[in-house]
Structure formats: C-alpha cells, structure tokens
Amino acid sequence: MIREDKLIKAYEGKTAAELAKAPVWALQGVSAGDADRLKKAFGIDNIGEMAALKYYRRAVLIRQKAEEE
C-alpha cells in the first residue's frame, strides 16, 4: 500500500496498478502546471511513465552511488 500522505485525497486507497495509470498530479506536491510541463518536456502522462523515464532512473542511480561513496 502506498502511504496516503504521498497522494492527493482522490487517489488515496488505490492499488499500485491503479496509481501507475494515474496522472502525475495525483502525487502530493505535483501541480497540474507541473504535470503539463512534464508532458511537454518528456511526454509523460501518468505516474508509471514518470517512474520509467530514463532520466529519472539515471538520476536515482547517481544518487544511490553518491550515497555509497
């Protein structure tokens, strides 16, 4: 289960599969304007696409490696 403080109210209690298809603005702190900018910059329509974005995955890997140093 996803912690509810990470989502806007309308998406609390949804399954991970449902959330993967949800718009990125379903994430707490991501506005509709942010979602529009992500769509224009990277073609992202939902949380699943955001998580799979190669640039995001590279950034996570770099951060993990930095924490290991």
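These legends accompany a set of close-up views of a predicted model.

**View 1. Asn46 in the loop between α2 and α3.**
Let's start at Asn46, which sits in the loop joining α2 (32–42) to α3 (47–52). Its side chain reaches two backbone nitrogens: that of Gly48 at 3.1 Å and that of Glu49 at 2.8 Å. Asn46 is buried because its relative accessible area, 16%, falls under the 20% limit. Leaving aside residues up to four places away in sequence, Asn46 touches Ala20, Lys21, Ala22, Pro23 and Val24.

**View 2. The two ends of α2.**
At the N-terminal end of α2, look for Ser31, which acts as the cap. A side-chain oxygen of Ser31 lies 3.3 Å from the backbone nitrogen of Gly33. Then move to the residue Gly43, just after α2, where phi is positive at about 75 degrees.

**View 3. The largest nonpolar core and a second one.**
Six residues make up the largest nonpolar core: Leu7, Tyr11, Leu19, Ala22, Ala26 and Ile47. Leu19 is a handy residue to centre on here, with contacts to Ile2, Leu7, Tyr11, Lys14 and Ile47 once residues up to four places away in sequence are set aside. A second core, separate from this one, has 5 residues, among them Val24, Ala35, Ile44 and Leu53.

**View 4. The salt bridge between Arg3 and Asp5.**
The structure holds 5 salt bridges, and one of them pairs Arg3 with Asp5. Their closest N and O atoms are 2.6 Å apart. Arg3 counts as exposed because its relative accessible area of 53% is over 50%. Asp5, at 43%, is partly exposed.

**View 5. A salt bridge within helix α2.**
Here Asp34 forms a salt bridge with Arg37, and 2.9 Å separates the closest N and O atoms. Both residues belong to helix α2, where they are 3 residues apart, or about one turn of the helix. Asp34 is partly exposed, with a relative accessible area of 28%, whereas Arg37 is exposed, with 52%.

**View 6. The salt bridge between Asp45 and Lys39.**
To finish, see how Asp45 forms a salt bridge with Lys39, the closest N and O atoms being 2.9 Å apart. Asp45 is partly exposed at a relative accessible area of 43%. Lys39 is partly exposed too, with a value of 40%.

Definitions and conventions
Residues numbered from 1 in each chain as written. Predicted model: local features only at pLDDT ≥ 70, side-chain atom pairs only at ≥ 80, totals over all residues. Heavy atoms only, no water. Helix = DSSP H or I, 4+ residues; strand = E, 2+ residues; numbered from the N terminus. Buried < 20%, exposed > 50% of the residue type's maximum accessible area, 1.4 Å probe, protein only. Polar contact = N/O pair within 3.5 Å; in protein donor to acceptor, adjacent residues only side chain to side chain. Contact = heavy atoms within 4.5 Å. Core = buried A, V, L, I, M, F, W, Y, C linked by side-chain atoms within 4.5 Å. Salt bridge = Lys/Arg side-chain N within 4 Å of Asp/Glu carboxyl O.
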